Amino acid sequence: MILNQASTRRFRAYTSKHLDELLQRAGLDEEERLQVRAVATVLPFRTNAYVVDELIDWSAAPDDPIYRLVFPQEDMLPAADVARLADLLKAEAPNAEIQAEANKVRALLNPHPAGQMDLNVPRIGDEPVPGMQHKYPETVLFFPKQGQTCHAYCTYCFRWAQFVGDADLKFASDDIDQMVSYIRQHPEVTSVLITGGDAMIMGEPVIRRYIEPLLGLEQLESIRIGTKALAYWPQRFVSDPDADATLELFEQVVEAGKNLAFMAHFSHPRELESPLVESAVKRILGSGATIRTQAPLIRSINDDPAVWTSMWRRQLRMGLIPYYMFVERDTGPQDYFAVPLARAYEIFRDAYSSVSGLCRTVRGPSMSATPGKVCVDGVTEIAGQKVFMLHLIQARDPALVGRPFFAHYDPSAVWLTDLRPAFADRFPYEAAAEEALLPV
Ligand SMILES: *Cc1c(COP(=O)(O)O)cnc(C)c1O
């Protein structure tokens, strides 16, 4: 029986093997459980005892936001697909047959959103450097091979395809020397973002192998760690066997004169409530690291300004710095989770206008798209036309940052690709892409 192990000390993942038992706890009947298990043949499921016993309000499941954050829902996929997969499960069809059917459904979920795979691939000479993306002039992303999973999966994750074993997306690397050589050759790089997956899924000896070689690079000002461990497994920084050694590593980064920045993913204020999170935050801040927070805006989980207000306020008290509110990306069950841009802007503005200036470090709603990060600044009327006002917070081409541009208002638009330019025949980044092809 897995459900009584709330006090399990060592991390252990619950996977689709445990799904039926967990769904019983949510009060789902046999037919409902079968439907959810059918969805879980397509989309990844993984959670753990801390999420199950400390975060989810089981009396409110299946409507509880944290339940919805980690458990698949039967209506996340088209009903006909779910019915077909449920039939296969019921008939105890061979796994290969179920997987083949699941793969067909996955293929329709835009598993490779633009810019994930082929863009930004750095090269040394002609050789691509695996596991790296040179996103913005000053920033490189590194995907360590051992960091390509998480303590639990979010149902809305834009990297879902890599968690279901899509070989094409396994671009991670353990070639630390190549990363270091590349950075040395690019003095404009000042920030390395270690991401995944979740960098904190790696044990201390492994993460040390990635971080220590970076400490000797004088040009680096910051090392960032993308993580949801503070929400899903705060024990990582408090009571896990390598917690102390991990904090010593953080101190070493700070002593080397670099900003160690946690980019912590928090989706809901409840994730900040447990005393374990408080201890973890205190220990991380005590090492001299900083913690910035970010999350996407997700329908049925956090699409309410009061949720963001209370989350940012609580973060402020704890010494965390609100950083980004993202728009859900155009992949996976996006139809299920998407909040229209017009509504996203209202939620952001309502939340932002009711917090202290110290929380207004947050930017958003922001779309991390191929040209960069596009922020929806508002909806207004100009020369009789209702338009979205937009600007790039970050761009592959720095010349485009901070310049306002416009799109026709569309109440149902949920992503950049749904927008049409207003007062221009193309968006600024489209023009830039063409000009880049012209001889200088
Ligand atoms: C946000 C983001 C970064 C970092 O951008 P900053 O604005 O410097 O925080 C890097 N890569 C991707 C894909 C991002 O979305």
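**Exercise 1. The ligand site**

A polar side-chain atom of Tyr324 lies 2.5 Å from an oxygen atom of the ligand. Find which residues surround the ligand, and how much of the ligand's accessible area the protein covers.

*Solution.* This is a predicted model, in which local features need pLDDT of at least 70, side-chain atom pairs count only at pLDDT 80 or more, and totals for chains, interfaces and linings use all residues. Residues are numbered from 1 along each chain as its sequence is written, and side-chain values use heavy atoms, with hydrogens and water left out.

Step 1. Start with the polar contacts (pairs of N or O atoms within 3.5 Å). Besides Tyr324, the side chain of Tyr323 places an N or O atom 2.7 Å from a ligand oxygen. For Arg224, the corresponding distance is 2.9 Å.

Step 2. Check the cover. On its own, the ligand has 370 Å² of accessible area, and the protein covers 89% of this. Such areas come from the Shrake-Rupley method with a 1.4 Å probe.

Step 3. List the shell (residues with a heavy atom within 4 Å). Lys135, Tyr136, Leu141, Arg224, Tyr323, Tyr324, Arg329, Ser368, Lys373 and Gln394 surround the ligand.

Step 4. Sort by class. Four shell residues are nonpolar, two polar and four charged. Here Ala, Val, Leu, Ile, Met, Phe, Trp, Tyr, Cys and Pro count as nonpolar, Asp, Glu, Lys and Arg as charged, and the others, Gly among them, as polar.

Step 5. Map to strands. At least two shell residues come from each of strand 5 (132–136) and strand 11 (321–327). Strands are DSSP runs of E with at least two residues; helices are runs of H or I with at least four; both are numbered from the N terminus.

**Exercise 2. Thr139**

Decide whether Thr139 is buried or exposed, and name its contacts.

*Solution.* Step 1. Locate Thr139 in strand 6 (residues 139–142).

Step 2. Apply the cut-offs: buried is under 20% relative accessible area, exposed over 50%, partly exposed in between (1.4 Å probe, protein chains only). Thr139 has 3%, so it is buried.

Step 3. Count contacts (heavy atoms within 4.5 Å). Beyond neighbours within four places in sequence, Thr139 touches Gln133, His134, Ser191 and Arg224. Arg224 also belongs to the ligand shell.

**Exercise 3. The cores**

Which residues have the most contacts inside the largest nonpolar core?

*Solution.* Step 1. Fix the term. A nonpolar core is a set of buried Ala, Val, Leu, Ile, Met, Phe, Trp, Tyr and Cys residues joined through side-chain atoms within 4.5 Å.

Step 2. Read the core. It holds 112 residues, with Phe71, Leu214, Phe262 and Trp308 making the most contacts inside it. Helix 9 (residues 204–215) contributes most, with six residues.

Step 3. Look for another. A second, separate core has 23 residues, including Val374, Phe388, Phe405 and Phe427.

Step 4. Zoom in on Phe262. Outside its neighbours within four places, its contacts include Met200, Phe237, Phe250 and Ile284.

**Exercise 4. Backbone features**

Where are the cis peptide bonds, and where does Ala383 sit?

*Solution.* Step 1. Gly196 and Gly197 are joined by a cis bond, omega about 15 degrees. Gly197 lies in the loop between strand 7 (191–194) and helix 9.

Step 2. The bond from Gly364 to Pro365 is also cis, omega near -10 degrees. Pro365 is in strand 12 (residues 363–369).

Step 3. Ala383 has positive phi, near 50 degrees, and is not a glycine. It sits in the loop between strand 13 (372–382) and strand 14 (385–395). Its relative accessibility is 74%, so Ala383 is exposed.

Key: Polar contact = N/O pair within 3.5 Å; in protein donor to acceptor, adjacent residues only side chain to side chain.
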